[in-house]
Number of protein chains: 2
Amino acid sequence: MKELVLGIDIGGTNTKFGFVDNEGNVFGESSSPTWGYPEFDDYLAQLHKQIDAAKAFLGFEAQIVGVGIGAPNGNYYQGTIEKAPNLEWQGSVPFVDKLRQYFPEQPVVLTNDANAAAIGEMTFGVARGMQDFIVFTLGTGLGSGIVANGRLIYGHDGLAGELGHTLVNVFGRQCGCGRKGCLETYVSATGIKRTVYKLLADYTEESSLRGVAYDKLSAKMITEAAIAGDFIARQAFEYTGRVLGMKLADTVAHFSPEAIILFGGLVNAGEHLLKPTRHYMEENMMNIYKGKVKLLVSGLQDKNAAVLGASSLAWQALSG
Amino acid sequence: MKELVLGIDIGGTNTKFGFVDNEGNVFGESSSPTWGYPEFDDYLAQLHKQIDAAKAFLGFEAQIVGVGIGAPNGNYYQGTIEKAPNLEWQGSVPFVDKLRQYFPEQPVVLTNDANAAAIGEMTFGVARGMQDFIVFTLGTGLGSGIVANGRLIYGHDGLAGELGHTLVNVFGRQCGCGRKGCLETYVSATGIKRTVYKLLADYTEESSLRGVAYDKLSAKMITEAAIAGDFIARQAFEYTGRVLGMKLADTVAHFSPEAIILFGGLVNAGEHLLKPTRHYMEENMMNIYKGKVKLLVSGLQDKNAAVLGASSLAWQALSG
């Protein structure tokens with residue numbers, strides 16, 4: 001009987017899941033709605049029903065030996081989701097405790113999405129064999145998962161690694177966290193939209209993006225425009241890379257990592273993002289670090305990274 | 001026969017050493033000159049002679065079971081001192097390899113002074129029992145030693161934890177590292193001197209510090225003036241605490257530590273430094289961290305912290 005781990009990735013709209021073997025092959029990928037269940041127990045019952053159905057359709061006998069969960073505001077120590085702004089459930093949700101009714105004997109591990117991505121890179125991606133690296137997930141916000149001495153850094157309360165909320169500019173952009181000038185207000189899908197609108201105001205150049213309303217503009221459009229040669233879009237990536245590169249120089253002074261790994265849709269812009277990021281990181285780093293830190297693109301970029309990352313949490317728990 | 005560890009702290013002028021038991025009691029403290037030996041082998045021979053003499057004068061039978069060394073630009077992985085600007089020896093000095101001729105069988109461990117201080121706090125100071133904390137040493141420069149998951153963070157190349165060289169202001173003060181606006185140009189004994197001179201220029205208030213030339217001004221004088229109520233000196237500590245507190249908020253977003261521990265002469269100013277540091281750290285932190293991170297004063301402040309810290313490296317190696 002094949003041993004598989006159940007990887008679960010909780011998004012605001014849907015919860016994706018899949019069964020993953022110890023080589024990173026994913027079977028029976030499916031999903032269940034996250035939104036529309038004000039009662040958490042109802043959501044979980046529906047999710048479990050979908051998981052059972054997907055397992056029945058695998059076409060081979062399988063044993064679920066562990067469960068890994070990536071969740072917004074996931075607390076590794078408590079197994080809880082804490083005050084996630086994009087979910088319906090208020091306060092602290094005891095996800096792991098509740099899920100145990102369906103998986104009473106297997107290890108069940110939960111952490112935030114970026115930490116799951118970091119373990120995913122270490123298990124199945126470009127960080128295999130590395131002991132010291134940092135993953136940045138560039139999505140609606142900016143998440144980060146930090147590995148040092150071969151272990152994720154959870155911090156004293158399980159909430160370490162919020163690099164999206166380090167300071168770029170004390171007089172900077174309003175952030176969803178209530179403060180101003182956080183890194184994710186510049187470096188994220190939302191951040192680059194804000195940058196495009198600022199550039200459209202500052203410059204007079206023609207741009208395909210002048211015809212798009214703010215509410216309709218997506219990071220994908222900006223990426224495609226940059227690849228097509230659009231001046232404003234390219235400037236937006238240049239600016240995004242500059243802000244990211246400067247902050248990376250600070251992060252390197254903390255950890256001296258072997259690599260920094262970028263993940264998410266913005267990375268599809270390739271060198272339009274990587275070149276300025278690398279340039280400003282190198283320019284702003286202390287001499288002793290220059291030329292030593294690899295800037296890499298995620299090895300899970302084209303795969304179901306969230307499910308893989310979540311599953312790798314459980315594989316790691318089983319192996320350690 | 002009593003088992004003791006030899007702790008060595010290498011400074012630019014003198015090398016201090018002492019024999020430390022596993023409860024942190026220091027015996028036979030002494031020193032040997034660092035400066036004046038262009039040939040490293042001559043320095044080491046003299047140091048060893050002094051160590052032997054101090055051991056002979058202990059007054060009881062002792063066995064040296066390990067050696068710990070705190071050194072500027074000390075590389076833990078290599079056992080080397082790398083391009084230390086305040087030492088006479090050029091390039092990379094293979095300190096541990098050379099010292100082994102005198103201590104061939106004991107564990108010999110070397111790291112930089114701030115890492116040694118962090119292990120010292122964990123072994124004998126205020127960080128006993130903590131898994132996640134950061135020590136800031138405020139001396140001529142600003143050093144930092146970071147512990148996460150109960151282990152020092154050395155990084156990929158052994159050079160992690162240079163928080164003195166994170167960026168405060170891109171247009172800021174010239175730093176000895178060749179860049180501008182590094183944290184240690186504001187928060188260190190040298191940094192507060194620079195701040196005092198700026199404030200003496202900006203304000204017209206009377207100050208006892210107006211009678212002191214830049215070359216004669218010390219952090220100790222500024223501390224004493226602040227305690228005595230001097231307006232300029234108090235403003236200088238307020239400013240120093242503000243800059244430090246704001247950067248600590250960023251550092252907390254990386255590590256979510258249980259405590260941040262301050263060490264060094266500036267800490268003798270007590271609340272003149274701690275109050276603004278705490279205030280601006282809390283004000284600039286993300287909500288999820290507020291009220292959780294202890295700001296502590298070193299537990300080794302009045303002891304021979306450098307020798308204790310260095311020795312604790314060896315005690316840790318012996319216990320692990």
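Which residue stands opposite A:Gly7 in β2(A)? The partner is A:Gly18, and this pair is a handy place to start a walk through the model.

The model is predicted, so please keep its confidence limits in mind: local features need pLDDT of at least 70, side-chain atom pairs count only at pLDDT 80 or more, and totals for chains, interfaces and linings use all residues. Residues are numbered from 1 along each chain as its sequence is written, while chains are lettered from A and ligands numbered from 1 in the order in which they are written.

**The first sheet and its helices**

The glycine pair belongs to strands β1 (residues 2–10) and β2 (residues 14–20) of chain A, which pair in the antiparallel sense over six bridges. Here two strands pair if DSSP finds at least two bridges between them, and helices (H or I, at least four residues) and strands (E, at least two) are DSSP runs, numbered from the N terminus.

Both strands sit in an open sheet of five strands with mixed pairing, in the order β3-β2-β1-β4-β8 (chain A). Its edge strands are β3 (26–33) and β8 (108–111) of chain A, each pairing on one side only. On average, neighbouring strands of this sheet are turned by 20 degrees against each other, direction ignored.

Two helices of chain A pack on this sheet. Two residues are in contact if their C-beta atoms, placed from the backbone, lie within 7 Å. Axes are lines fitted to C-alpha atoms, for helices over the stretch in contact, and angles run from 0 to 180 degrees between N-to-C directions.

| Helix (chain A) | Strands touched | Angle between directions |
|---|---|---|
| α1 (residues 40–56) | β1, β2, β3 and β4 (62–70) | about 155 degrees with β3(A) |
| α8 (residues 305–319) | β1, β2, β3, β4 and β8 | about 115 degrees with β4(A) |

**The second sheet**

Another open sheet of five strands, also with mixed pairing, has the order β11-β10-β9-β12-β13 (chain A). Strands β11 (151–152) and β13 (294–297) of chain A stand at the edges with a single partner strand each, so one side of each is left without a neighbour in the sheet. Within it, β9 (residues 133–138) and β10 (residues 142–148) of chain A pair in the antiparallel sense over six bridges, and A:Val135 stands opposite A:Gly145 in β10(A).

**Helices around α6(A)**

The axes of α5 (residues 219–227) and α6 (residues 231–255) of chain A come within 7 Å and cross at roughly 110 degrees. That makes α5(A) roughly perpendicular to α6(A); angles of 65 to 115 degrees count as roughly perpendicular, under 35 as roughly parallel, over 145 as roughly antiparallel and the rest as oblique. From α5(A), A:Ile222, A:Ala225 and A:Ala226 meet A:Ala233, A:Arg234, A:Ala236 and A:Phe237 in α6(A).

Helix α4 (residues 189–202) of chain A has an axis that comes within 9 Å of that of α6(A), crossing at roughly 125 degrees, which makes α4(A) oblique to α6(A). Residues in this contact include A:Leu199 and A:Leu200 of α4(A) and A:Tyr239 of α6(A).

**How the chains meet**

Chain B can be laid on chain A with an RMSD of 0.0 Å by a turn of 180 degrees and a shift of 0.0 Å along the axis. That is the relation of a two-fold axis. Copies are superposed by least squares on the C-alpha atoms of residues with pLDDT of at least 70 in both.

The contact takes 30 residues from chain B and 30 residues from chain A. On the side of chain B, the largest share, four residues, comes from helix α6 (residues 231–255) of chain B. Finally, 100% of the interface residues of chain B are also interface residues in chain A, so the copies meet through the same surface.
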